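Please open the model in your viewer and keep the sequence panel beside it, since each stop on this tour asks you to make a selection and then look at what is there.

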Amino acid sequence: MEKRAVVSFRGGNVVKKIECVIFDLDGTLLDSRECSIKATKAAFTEMGLKVPSEVVIEHYMGIPIEESFFKMSEQPLDQETATELIRVFRTYYQTYEESTLNVFPEIPHVLEILMKRKVPCFVVSSKKTAVVKRNLAAQNLVAFFEEIIGSDAVSHYKPHPEGINKVVTQYQFDPSRTIMVGDAIFDIQMGKAAGVKTIAVTWGSHDAKKLSAEKPDALAEAPQDILDYIYA
């Protein structure tokens, strides 16, 4: 890895040098709301289950479907039904990806600036690693990231800090000089549990009020705000 960047982040009255930035995927880098909602509704319908409301679907977007489907279903799911529901969902999701999945405006610019300033970037997502790579590749974003950690690369899902801990430990980063950027309360909870700085973004699944209740270090209303907070 190249020499780490000299990037400032204001924590209290102390300006610290940031060593890396970890991003969530869905709702942070990519706008997957329509794709997720359509695929979830289609899967529940095909399985003869009551379709969750869009509000419920959106709330649970931040955690893996292996957990979220149990939470959003009004009917108890046995493991066999859940496994088939997940399979059907993934089939629909991949079908809808090309027409509904897009990178949020200005995110490429943010990633380009961080790359130019030699700040290593990572993705910790609730999706499978291969799916994350496929989604990023479709938006020409793979090259911006040192490593991608999906739900299949950890034993404990968000908001457990294992995903962040893997990055910090493997690359020997200082947690206090690491930033987690995410759109869901689960991302902020994960970041706090890992002892890293957190930036909550408001253009994803959870609104500013819900995110603020988790007390992130910063709240970003637009992608440029991420850079503004880092380089304040």
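Select strand 8 (residues 178-182), helix 8 (residues 185-194) and strand 9 together, and you have a right-handed β-α-β unit in what is a predicted model. The two strands of this unit, strand 8 and strand 9, run parallel and are joined by four bridges, and if you pick out G182 you will find that its bridge partner in strand 9 is A200.

Stay with strand 9 and show the side chains of residues 197-201. Five of the five residues of this strand are buried, so strand 9 is largely enclosed by the rest of the structure. In a regular strand the side chains alternate between the two faces of the sheet. Here K197, I199 and V201 point one way while T198 and A200 point the other way, and all are buried.

From strand 9, extend the selection to strand 10 (residues 218-220), which pairs with strand 9 in the parallel sense over three bridges; the bridge partner of I199 in strand 10 is A218.

Now return to strand 8. Five of the five residues of strand 8 are buried, so this strand, too, is largely enclosed by the rest of the structure. T178, M180 and G182 point one way from strand 8, whereas I179 and V181 point the other way, and all of these residues are buried. Adding strand 3 (residues 20-23) to the view shows a parallel pairing with strand 8 through four bridges, in which V21 stands opposite I179.

Next, turn to the open space in the model. Which residues lie nearest the centre of the largest pocket? Select D26, I65, F89, Y93 and K127, which hold that position among the 27 residues of the lining. Helix 1 (33-46), helix 3 (65-72), helix 4 (79-100) and helix 6 (129-138) are the elements that each give two or more residues to this lining. The volume of the largest pocket is about 390 Å³, and its lining residues divide into eleven nonpolar, eight polar and eight charged. If you colour domain 1 (20-29 + 104-231) and domain 2 (33-100) separately, you will see that both give residues to the lining, so the largest pocket lies between them.

For the enclosed space, the structure holds one cavity of 30 Å³ or more, and the largest cavity has a volume of about 80 Å³. To find it, select V124, S125, V154, H156 and K158, the closest to its centre of the 14 residues that line it. The lining of this cavity divides into six nonpolar residues, seven polar and one charged.

K158 also leads to a backbone feature, for a cis peptide bond with an omega of about 10 degrees joins K158 and P159. P159 is found in the loop between strand 7 (147-149) and helix 7 (162-171). Most residues other than glycine have a negative phi, and most peptide bonds are trans.

Two further backbone stops remain. Select K118 in the loop between helix 5 (107-116) and strand 6 (121-124), where this residue has a positive phi of about 60 degrees although it is not a glycine; K118 is partly exposed, with a relative accessible area of 42%. Then move to Q172, in the loop between helix 7 and strand 8, which likewise is not a glycine and has a positive phi of about 55 degrees. Is Q172 buried or exposed? With a relative accessibility of 66%, Q172 counts as exposed.

Definitions and conventions:
Residues are numbered from 1 along each chain as its sequence is written. This is a predicted model: local features need pLDDT of at least 70, side-chain atom pairs count only at pLDDT 80 or more; totals for chains, interfaces and linings use all residues. Side-chain values use heavy atoms; hydrogens and water are left out. On a 1 Å grid over the protein atoms alone, a cavity is a set of points where a 1.4 Å probe fits but cannot get out, and a pocket is an open set with protein on both sides within 12 Å along at least five of seven lines; lining residues have an atom within 4 Å of a point. Grid points are joined across faces, edges and corners, and a volume is the space filled by probe spheres set on the points. Ala, Val, Leu, Ile, Met, Phe, Trp, Tyr, Cys and Pro count as nonpolar, Asp, Glu, Lys and Arg as charged, and the others, Gly among them, as polar. Domain bounds come from an automatic or database domain assignment. Buried means under 20% relative accessible area, exposed over 50%, partly exposed in between (1.4 Å probe, protein chains only). Two strands pair if DSSP finds at least two bridges between them. A crossover is right-handed if, with the strands pointing away from the viewer, the path from the first strand over the helix to the second runs clockwise.
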